[in-house]
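The exercises below ask you to read helix packing, buried cores and backbone geometry from a structure. Please try each task on your own before you turn to its solution.

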Amino acid sequence: MPSLQQTAPWKALTKHWQAIHHKKFQIQEMFQKDPQRSNQMRLQAVGITLDYSKNLLTQDTIKLLIELAHAAELLDSLHKMYAGACINSTEQRAALHIALRNRTERRFIVNKQDVMPRVRTVLKRMAKFVEQIRSGTWRGYSGKQITDVVNIGIGGSNLGPLMVTTALGHYHDGPKVHFVSNIDGTHIIETLKPLNPETTLFIIASKTFTTQETLTNACTAKDWLLKAYDNNLKAIAYHFVAISTATEKVAQFGIDTNHIFEFWDWVGGRYSLWSAIGLPIAIAIGMPRFYELLDGAHAMDQHFETAAFRENLPVLMALIGIWYTNFAGFSTQAILPYDQYLCYLPAYLQQLDMESNGKSVTKAGKPVDYATGPVIWGASGTDGQHAFYQLIHQGTQIIPCDFLLSVHSHNEVSDHHLKLLANGLAQTEALMRGRTYEESYQELIKQCYTPQAAAALAPHRVFSGNRPTNTLLVDKFTPYTLGALLALYEHKVFVQGAIWNVNSFDQWGVELGKQLAGVILKELQSGIASNDHDPSTHNLIQTIIQQRSQS
């Protein structure tokens with residue numbers, strides 16, 4: 001494959017952006033020139049409508065971007081993923097999270113073996129366990145029913161389940177589910193304060209059962225439980241289950257090996273909520289609704305696999321992102337869900353995108369000479385409007401935004417939801433339209449400002465506009481539509497990584513800090529700072545040791 005920048009589509013897109021930029025392309029003018037623009041730049045699949053008409057692009061842009069996708073052999077990459085090939089090359093693993101939400105008879109092959117029988121077995125075990133917890137059949141060591149479940153994990157073993165459990169809060173009808181991830185003792189101590197050890201179940205989610213944050217919190221939870229049971233180790237089997245592949249380590253901790261839920265090395269952490277890692281989701285909403293979540297994702301998997309690029313939601317969203325990242329030079333993107341239940345979605349997509357495509361070498365280990373993963377951030381509307389929208393509207397950076405809206409709310413109270421929708425739609429319109437100096441000036445004159453005062457204030461009320469947005473609209477955020485939405489973003493990230501020729505499924509960037517933390521921890525514990533660090537780090541370690549010794 002030739003270097004991405006040497007392909008004809010890349011060169012054509014570079015010239016195309018220069019032409020658009022030079023002509024001072026205005027989105028609003030494009031609607032005037034083409035009355036069909038909003039219809040032509042609108043896609044619908046799996047209950048999700050994407051309106052991408054408020055973007056700095058034309059039909060020619062889309063055509064060239066699709067040509068770039070073909071030049072980068074995107075279809076071949078897609079087929080390899082679905083075939084269970086070792087696309088995570090640095091770890092010699094498949095990335096087959098699509099198999100986790102497949103409830104059809106289709107086979108998915110990894111290392112010449114169909115993984116579906118094992119996937120179905122774990123789902124059946126999950127269903128049985130979830131029913132035991134929710135019905136009260138499973139009880140704590142003292143015979144009391146479980147009322148609270150605490151998931152202890154970090155990264156994908158925390159953020160995915162936390163986000164989905166919160167997003168589907170309307171459907172909660174089981175025990176209350178809590179999440180602990182941070183190694184900061186405050187997180188677990190504050191979580192445990194209101195809980196009763198006799199009615200609390202812990203889920204320890206760690207593939208290797210060696211993750212420092214998770215094991216530290218798990219040990220604190222075990223000490224808390226045993227204190228209530230006079231250090232009777234038999235109680236652990238009634239109050240702890242594990243999601244792991246490390247059977248021996250789990251047993252050493254004291255968890256009954258019959259209470260281990262399996263998942264596999266072809267399931268990446270940030271893609272794992274569809275597996276047994278989703279156990280807290282299923283406990284909160286019930287297994288039938290968990291199946292609906294899987295089914296929505298599976299429907300999007302089928303759409304992604306079969307739809308032509310021009311009609312393919314993940315492909316189109318990915319290509320628009322590449323257009324802004326690589327040709328317009330926009331280095332960030334905001335995720336703006338207008339639904340309080342989706343408050344953790346920006347953080348979840350931040351991990352999904354930035355951990356996947358935050359890479360600076362190609363799959364072959366060669367430095368990339370083009371931009372890769374953008375900075376992903378955001379917050380739920382309308383809170384974000386009163387926090388950072390000022391910068392999006394009038395700042396010097398152009399920040400493409402995804403607005404997520406639902407036609408109906410789970411909580412139709414008075415006209416709350418209509419006001420929420422009005423705000424979301426108004427923001428996309430305002431970001432596109434902007435406001436000129438003359439419009440600002442005349443508005444101030446109408447408000448009885450003097451001409452001199454209006455002239456002085458008007459520049460501060462000018463909005464350049466022409467700021468790009470996507471709008472994703474669903475009828476309601478149900479388990480099914482949420483599953484489809486999350487799979488949409490997963491595949492979007494995959495497409496971008498495939499075109500950039502980076503490995504979207506490893507995360508070596510988190511390793512170095514972990515290694516150095518282990519060295520520093522020993523020094524903090526011993527009270528002796530090594531001279532092997534840089535002077536700044538050495539002095540900081542020394543200061544901490546001194547101040548802790550005095551307290």
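A residue is called buried when its relative accessible area is under 20%, exposed when it is over 50%, and partly exposed in between, with a 1.4 Å probe and protein chains only. The structure is a predicted model, in which local features need pLDDT of at least 70 and side-chain atom pairs count only at pLDDT 80 or more, while totals for chains, interfaces and linings use all residues. Residues are numbered from 1 along each chain as its sequence is written, and side-chain values use heavy atoms, with hydrogens and water left out.

**Exercise 1.** Decide whether Gln351 counts as buried or exposed, and find what is in contact with Gln351.

*Solution.* Begin with the location: Gln351 lies in helix 15, which covers residues 345-357, where helices (H or I, at least four residues) and strands (E, at least two) are DSSP runs numbered from the N terminus. Next, take the relative accessibility of Gln351, which is 13%, so the residue counts as buried. Finally, look for contacts, meaning heavy atoms within 4.5 Å: leaving aside neighbours within four places in sequence, Gln351 is in contact with Gly155, Gly156, Leu159, Arg270 and Ser356.

**Exercise 2.** Describe how helix 1 packs against helix 4.

*Solution.* Two packed helices are described by the angle between their axes and the distance between the axes. The axes are lines fitted to C-alpha atoms, for helices over the stretch in contact, and the angles run from 0 to 180 degrees between N-to-C directions. Helix 1 (residues 8-22) and helix 4 (residues 59-71) have axes 9 Å apart, at an angle of about 155 degrees. That angle makes the two helices roughly antiparallel, given that angles under 35 degrees count as roughly parallel, over 145 as roughly antiparallel, 65 to 115 as roughly perpendicular and the rest as oblique. The crossing of helix 1 and helix 4 is left-handed; a crossing has this hand if the near helix is turned anticlockwise from the far one by less than a right angle, and is right-handed if clockwise. Then list the partners: Pro9, Trp10, Ala12, Leu13, His16 and Ile20 in helix 1 meet Asp60, Thr61, Leu64, Leu65, Glu67, Leu68 and Ala71 in helix 4. Sorted by class, the residues of this contact are nine nonpolar, two polar and two charged, where Ala, Val, Leu, Ile, Met, Phe, Trp, Tyr, Cys and Pro count as nonpolar, Asp, Glu, Lys and Arg as charged, and the others, Gly among them, as polar.

**Exercise 3.** Work out how helix 14 is oriented towards helix 20 and towards helix 13.

*Solution.* Take helix 20 as the first partner: helix 14 (residues 313-328) and helix 20 (residues 479-500) pack at an angle of about 50 degrees, with axes 8 Å apart, and are therefore oblique to each other. Helix 14 passes helix 20 in a right-handed crossing, and the residues of their contact divide into twelve nonpolar, five polar and one charged. Now turn to helix 13 (residues 287-306), whose axis comes within 7 Å of that of helix 14 and crosses at roughly 70 degrees, so that helix 13 and helix 14 are roughly perpendicular. Met300, His303 and Phe304 of helix 13 make this contact with Leu313, Pro314 and Val315 of helix 14.

**Exercise 4.** Find which residues have the most contacts inside the largest nonpolar core.

*Solution.* A nonpolar core is a set of buried Ala, Val, Leu, Ile, Met, Phe, Trp, Tyr and Cys residues joined through side-chain atoms within 4.5 Å. The largest one has 130 residues, and Trp266 and Leu279 have the most contacts inside it. Helix 20 gives the most to this core, with 13 residues. A second, separate core of 24 residues includes Val180, Leu195, Ala242 and Phe253.

**Exercise 5.** Identify where the backbone has a cis peptide bond and where Lys24 and Asn231 lie.

*Solution.* Most residues other than glycine have a negative phi, and most peptide bonds are trans. The bond from Gly381 to Thr382 is cis, with omega near 10 degrees, and Thr382 sits in the loop between strand 11 (375-378) and helix 16 (389-394). Lys24 has a positive phi of about 50 degrees although it is not a glycine; Lys24 lies in the loop between helix 1 and helix 2 (27-33) and is exposed, with a relative accessible area of 65%. Asn231 has a positive phi near 60 degrees and is found in the loop between helix 9 (212-228) and helix 10 (236-239).
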